[in-house]
Amino acid sequence: MQAQNVILQTGDVLFRESAESSLSQAIDAVTQTDKATHFSHMGLVEVVGDSIFVLHADTEGGSCKISLREFIYPPSDSLPQERTVIAYRLKPDYQKAIPDAINTAKTMLGKPYNFSYVMNDSSYYCSGFVYRAFAKDSIFKLNPMTFKDPDTGNFNPSWIAFYKELGMEVPEGQLGCNPNGMAASEKLMLLGKVRM
């Protein structure tokens with residue numbers, strides 16, 4: 001199935017660049033890698049006939065399956081506009097993991113969004129959703145999470161306020177994952193920008 005010049009396949013991983021929201025910017029600010037990506041959201045592609053869907057965990061709808069168009073033009077944006085979406089594909093040696101990953105992702109649909117970003121089995125955040133989909137085949141790794149500004153070494157003020165509102169300590173150092181870290185995986189290859 002073609003989305004402009006990138007031909008998407010089931011199992012491709014889509015990364016959406018940061019939005020203007022404070023949460024998206026806070027995610028991006030503390031999860032930079034040496035690849036200098038600016039992703040704050042991600043999802044998993046499923047191609048069904050002539051249609052392209054994205055399975056993902058979203059702050060608005062929890063774990064759900066939406067159209068590619070809705071992923072690129074999120075209805076939650078105050079001014080619906082195209083977001084930059086970059087597609088990656090598992091390298092050939094790892095593509096055998098895709099059927100199980102899609103089946104696992106479908107079992108997670110309908111769960112609420114995990115606003116704490118602490119991994120659990122009853123709710124999911126976007127990168128945690130994709131991580132768990134591929135967990136059986138160990139495609140992605142968990143790493144100690146940081147909520148500190150890399151320039152100052154201090155907690156990003158947005159995260160302090162965010163976790164205070166949740167009534168919990170910032171989960172610094174707990175194992176987790178994020179879109180920028182997962183995009184840097186050596187098991188993925190870059191396909192390019194997805195356009196509609």
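Select Val13 first: Tyr88 of strand S7 stands opposite Val13. The model is a predicted one. On the strand S4 side, Val13 stands opposite Leu44.

**Strand S3**

Extend the selection to residues 13-17, which make up strand S3. S3 is largely enclosed by the rest of the structure, because four of its five residues are buried. Five bridges join S3 to S4 (residues 39-48), and the two run antiparallel. Strand S7 (residues 85-90) is also antiparallel to S3, joined by four bridges.

**The sheet**

Now select the six strands of the open sheet, in the order S6-S5-S4-S3-S7-S10. The pairing is antiparallel. S6 and S10 (188-193) stand at the edges, and each has a single partner strand, so one side of each lacks a neighbour in the sheet. On average, neighbouring strands of this sheet are turned by 30 degrees against each other, direction ignored.

**The S5 and S6 end**

Select residues 51-58 for strand S5, which includes Ser51. Is Ser51 buried, partly exposed or exposed? Its relative accessibility is 34%, so Ser51 counts as partly exposed. Leu68 is 17 residues away from Ser51 along the chain, and their C-alpha atoms are separated by 8.4 Å. S5 and S6 pair over six antiparallel bridges. Within this pair, Val54 has Ile66 in S6 as its bridge partner.

**The helices on the sheet**

Next show helix H3, residues 98-108. H3 lies across S4, S5, S6 and S7, and runs at about 110 degrees to S4. H4 also packs on the sheet, where it touches S3, S4, S5 and S6. The direction of H4 makes about 45 degrees with that of S4.

Select residues 126-133 to isolate helix H4, which is mostly covered, with seven of its eight residues buried. Which residues of H4 are buried? They are Cys126, Ser127, Gly128, Phe129, Val130, Tyr131 and Ala133. The partners against which the buried residues of H4 pack include H3 and helix H6 (179-183), as well as strand S6 (62-67).

**The whole chain**

Finally, zoom out to the whole protein, which has six helices and ten strands. Of its 196 residues, 45% are buried. Among contacts in the protein with a separation of 6 or more, 69% are between residues 24 or more positions apart. Switch on the surface: the protein exposes about 9800 Å², with carbon and sulfur atoms supplying 49% of it.

Definitions and conventions:
Residues numbered from 1 in each chain as written. Predicted model: local features only at pLDDT ≥ 70, side-chain atom pairs only at ≥ 80, totals over all residues. Heavy atoms only, no water. Buried < 20%, exposed > 50% of the residue type's maximum accessible area, 1.4 Å probe, protein only. Pairing = 2+ DSSP bridges. Contact = heavy atoms within 4.5 Å. Areas by Shrake-Rupley, 256 points an atom, 1.4 Å probe, with all protein chains shown as cover. Axes fitted to C-alpha atoms, helices over the stretch in contact; angles between N-to-C directions.
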